[in-house]
Structure formats: C-alpha cells, structure tokens
Amino acid sequence: MRVVIAEDLHLLRDGLALLLESHGFTITAAVADGPALRDALGNHRPDVAVVDVRLPPTFTDEGLQIALEARRATPGLPILVLSAHVEQLYARELLADGAGAVGYLLKDRVLNGDQFADAVRRVATGGTAMDPQVIAKLLTAGGAATPLSRLTPREREVLELMAQGRSNAAIAQRLFLSDSAVSKHIAAIFTKLDLPPSDDDNRRVMAVLTFLNAT
C-alpha cells in the first residue's frame, strides 16, 4: 500500500515513515507543510494519507482541510488524521461525507506500532479507525433523539468497539462474550439501524458511520 505522510515535526515524520515501511507499506512522500501535502496527494494518488491536523504555514487545521479537499476531488480517498488533542469539530468534518475510509487517532497511539499499522491498513481498505477518546467526546456532545436510541446498552457498547476498529473476536474478549453472542448483537444493530443487506464489511462501516454521525 502506498502512503503519503504529512507531519511538520521532523523526528515524528521520519519515525512514522520507518514504522510503516517496517510493516510493509511504501512511503511515496513524507512532507512537512500544507502546500507540499496538496502537491503530494495530487501527484502520487496514494492508497491512504496519514495527516497531522495542524500544518504550516497556518498551524490551524490546514492538514485536515487539504486532505478533505483532496477527498472531494477523489471521492473515498482514505484519510487517517493524527492530532495531539481531541477536536470534536475536526471529527465531524472528517465523517461528514459518510463514505468511510477515515480515521482519527491521537498521536500517542503511534507508540504502539502494530496497532497503528493495523489502523492505517484498515482505513486504506475502506474501514474506520476512531480513537476511543474521540468517540467519548462525540458521545458526550450527542443527544438522545438519534437512530441509536433503538439499541440496547450492550448493542451500543458493541458498536462503540466496532467504531474503534475492533474485530468480533476482540469485542468478545473485551466484553466477556462468546463470538456467537457478538455476531447476534451485530446482526441486531444492522437491523435496528435499517441497514440494507450487503456484504458484512460494508454494513459494518455504515453502522459505524451512523453511530458517529448521530452522536
């Protein structure tokens, strides 16, 4: 998989490149500012972009806005955003098109190389990778009148873990459930959220996006 990295801190940028290369990714560009990111995304057409929210020259949300601009030009372009802090507005902007292939992780998640590489791979293949703290922030801001009100507390727990990108087996282990119980909860979630029949991976992504956009 081909990756473009945008991070203004030299050591972190090189560290991300080395980490991903060691997990079999190809780094097509590693840039330090917004204009260079725009050029890299246009020229290299990567399988996934790993982007710091705040980039020079403005150090506001330039990285995110340029990534979203590229995603509008190339619908579905996978984007994994890195941030030092949880910003609810950034998460909502990232999720606004409802297309999947997005992630939002805090930078300290990079310290676990295997988990970070798995998150990049999951986003590149159309899934989601949302930091637990991002999900918690969205939930705190959310209201009760959403499609999620149909879900039981246990089904909501399962859906939160799905949003983090956890597999059925990982959800079962986390919630002390059997694999078959998790499968039944997920089937109930699909039904209650009125997700049309399709392959399970696609419905899984749609359920997560319904969850994140409704909170």
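## Close-up views

**View 1. F190 is a buried residue, with a relative accessible area of 4%.** Here, buried stands for under 20% relative accessible area, exposed for over 50%, and partly exposed for the range in between (1.4 Å probe, protein chains only). Before you zoom in further, note that this is a predicted model, in which local features need pLDDT of at least 70 and side-chain atom pairs count only at pLDDT 80 or more, while totals for chains, interfaces and linings use all residues. Residues are numbered from 1 along each chain as its sequence is written, and side-chain values use heavy atoms, with hydrogens and water left out. F190 belongs to helix α9; helices (H or I, at least four residues) and strands (E, at least two) are DSSP runs, numbered from the N terminus. Along the chain, F190 and A207 are 17 residues apart, yet 6.7 Å separates their C-alpha atoms.

**View 2. Helix α8 (residues 168-175) packs against helix α9 (residues 179-192).** Their axes lie 9 Å apart, at an angle of about 110°. The two helices are therefore roughly perpendicular. For anyone wishing to recompute this, axes are lines fitted to C-alpha atoms, for helices over the stretch in contact, and angles run from 0 to 180 degrees between N-to-C directions. Angles under 35 degrees count as roughly parallel, over 145 as roughly antiparallel, 65 to 115 as roughly perpendicular and the rest as oblique. From α8 come N168, A169, I171 and A172, and from α9 come D179, V182, S183 and I186, where contact means heavy atoms within 4.5 Å. By class, this contact holds 5 nonpolar, 2 polar and 1 charged residues. The classes work like this: Ala, Val, Leu, Ile, Met, Phe, Trp, Tyr, Cys and Pro are nonpolar, Asp, Glu, Lys and Arg are charged, and the others, Gly among them, are polar. In the loop between α8 and α9 you will find F176, which is exposed, at 77% relative accessible area. Although F176 is not a glycine, its phi is positive, at about 55°.

**View 3. Helix α7 (residues 153-163) leads into a loop that holds R166.** The buried residues of α7 are E155, V158, L159, L161, M162 and A163. After α7 comes G165, with a positive phi near 90°. R166 sits in the loop between α7 and α8 and is partly exposed, at 30% relative accessibility. Residues up to four places away in sequence aside, R166 touches L161, I171, R174 and R204. From R166 to T128 the C-alpha distance is 9.8 Å, with their positions 38 residues apart in sequence.

**View 4. D52 carries an annotation and lies in strand β3 (residues 48-52).** An unreviewed UniProt entry annotates D52 as "modified residue: 4-aspartylphosphate"; such annotations may be inferred rather than shown by experiment, feature names are shortened, and positions are given in the numbering used here. Is D52 buried or exposed? At 5% relative accessibility, D52 is buried. Setting aside neighbours within four places in sequence, D52 contacts A6, E7, D8, G63, L64, L82 and K107.

**View 5. Two backbone details lie in loops next to β3.** A cis peptide bond, with omega about 5°, joins P56 and P57. P57 is in the loop between β3 and α3. R45, in the loop between α2 and β3, has a positive phi near 45° without being a glycine. R45 is partly exposed, at 49% relative accessibility. As a reminder, most residues other than glycine have a negative phi, and most peptide bonds are trans.

**View 6. Helix α3 (residues 62-73) has helix α2 (residues 34-44) as a packing partner.** The axes of α2 and α3 come within 9 Å and cross at roughly 20°. The pair is therefore roughly parallel. On the α2 side, G34, P35, L37, R38 and L41 meet E62, G63, I66, A67, E69 and A70 of α3. Sorted by class, the residues of this contact are 6 nonpolar, 2 polar and 3 charged.

**View 7. Helix α3 also packs with helix α4 (residues 88-95).** The α3 and α4 axes are 10 Å apart, at an angle of about 10°. This makes α3 and α4 roughly parallel. L64, Q65 and L68 of α3 are in contact with Y90, E93 and L94 of α4. That contact is made up of 4 nonpolar, 1 polar and 1 charged residues.
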